[in-house]
Amino acid sequence: AAEHIGTDNSKLMLALQAALGTAHWRNGEHDNALHHMHRSMDMAREREDRPAQCRAHGSLGSAYMSLGEHRLAATHFEQQHTLAVELSDGPSAVSALSNLGLLRTSQSDHRGALVCHKKANTVARNLGDVPLLQAQQLGHMGSCYQQLGDYEKAISCHQKHLHLAQRLKLPAEQCKACDKLSQAYTSNLNFSSAMASYKQLLTLGVETRDLH
């Protein structure tokens, strides 16, 4: 429908293409979604609209990652990161680095993933006013350390994640941190602390109805 509205406003058309891509994706119409996402990218390039290109790379990267197309996903996330740095767009840079880390985790490259999440954490920390981004990266770093068998560092990261989540009063984020922390304590044979974290998770789950 967007192609037939008769508008000459290329900025509006670009936004419509991006919105159509999101809508089709949510409906499970992946081919149509990718078509509109690529149209959005092409229009952003024609307009030399770098923020829109950055967003389009992020959308395409996430789409291809969901479809298991890791090489294409990595290419888009890398380009998103490059543009984000050029634009001084910290949140987009964090998103790109974090997704690159998750890609490497899915390929069992936990050291590579850790590098990405450490960089994302540094950017998030320097933003200052977006502590949730830092909390999430600490959680990802803890998971990487867990997979690498460095349980002490995993515990440290998950504790910091939990403290930030508590400060921000985000129960769902606290649940994630407690869950990961209990696993790290168990791996480190600290069963009393693991039990305490499990009990904290249970309490949070009951309070937020977020039992798994």
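**Exercise 1: two loop residues**

Find out whether Lys169 is buried or exposed, and then determine the sign of its phi.

*Solution.* Start with the accessible area: Lys169 has a relative value of 70% and is therefore exposed. Here buried stands for under 20% relative accessible area, exposed for over 50%, and partly exposed for what lies in between, with a 1.4 Å probe and protein chains only. A word on the model before we go on: it is predicted, so local features need pLDDT of at least 70 and side-chain atom pairs count only at pLDDT 80 or more, while totals for chains, interfaces and linings use all residues. Residues are numbered from 1 along each chain as its sequence is written, and side-chain values use heavy atoms, without hydrogens and water.

Next, place the residue: Lys169 sits in the loop between α8 and α9. Helices are DSSP runs of H or I with at least four residues, strands are runs of E with at least two, and both are numbered from the N terminus. Last, look at the backbone: the phi of Lys169 is positive, near 60°, and the residue is not a glycine. Most residues other than glycine have a negative phi.

Now try the next loop: which residue follows α9 with a positive phi? Leu189 does, with a phi of about 65° although it is not a glycine. Leu189 belongs to the loop between α9 and α10, and its relative accessibility of 62% makes it exposed.

**Exercise 2: a pair of helices**

Compare the span of α8 with the expected value, then list its buried residues and what covers them; do likewise for α9.

*Solution.* The expected span is 1.5 Å times one less than the number of residues. With 17 residues, α8 reaches 24 Å from its first C-alpha to its last, close to the expected 24 Å. Its buried residues are Ala154, Ile155, Cys157, His158, His161, Leu162, Leu164 and Ala165. An α-helix has 3.6 residues a turn, so residues three or four places apart point the same way. The cover over the buried residues of α8 includes α7, α9 and α10, where contact means heavy atoms within 4.5 Å.

For α9, 17 residues again reach 24 Å, close to the expected 24 Å. Among its buried residues are Glu173, Gln174, Cys175 and Tyr185. Their cover includes α7, α8 and α10.

**Exercise 3: looking for disulfides**

How many disulfides does a search of the whole structure find?

*Solution.* Apply the cut-off first: a disulfide is a pair of cysteine sulfur atoms within 2.5 Å. The search of the whole structure finds 0. Cys54 is in none, as its nearest cysteine sulfur belongs to Cys116, 16 Å away. Cys175 is in none either, and its nearest cysteine sulfur, that of Cys178, is 6.9 Å away. As for exposure, Cys54 has 1% relative accessibility and so counts as buried, and Cys175, at 3%, counts as buried too.

**Exercise 4: describing the pockets**

Describe the largest pocket by its volume, lining and residue classes, then describe the second largest pocket.

*Solution.* Set up the search on a 1 Å grid over the protein atoms alone: a pocket is an open set of points with protein on both sides within 12 Å along at least five of seven lines, a cavity is a set where a 1.4 Å probe fits but cannot get out, and lining residues have an atom within 4 Å of a point. Points are joined across faces, edges and corners, and the volume is the space filled by probe spheres set on them.

The largest pocket holds about 450 Å³. Of its 23 lining residues, Gly139, His140, Ser143, His158 and Lys180 lie nearest its centre. Helices α5, α6, α7, α8 and α9 each supply at least two lining residues. By class there are 5 nonpolar, 13 polar and 5 charged residues, counting Ala, Val, Leu, Ile, Met, Phe, Trp, Tyr, Cys and Pro as nonpolar, Asp, Glu, Lys and Arg as charged, and the others, Gly among them, as polar.

The second largest pocket holds about 160 Å³. Its lining includes Leu14, Met37 and Arg55. Two or more lining residues come from each of α1, α2 and α3. The classes are 6 nonpolar, 3 polar and 1 charged.
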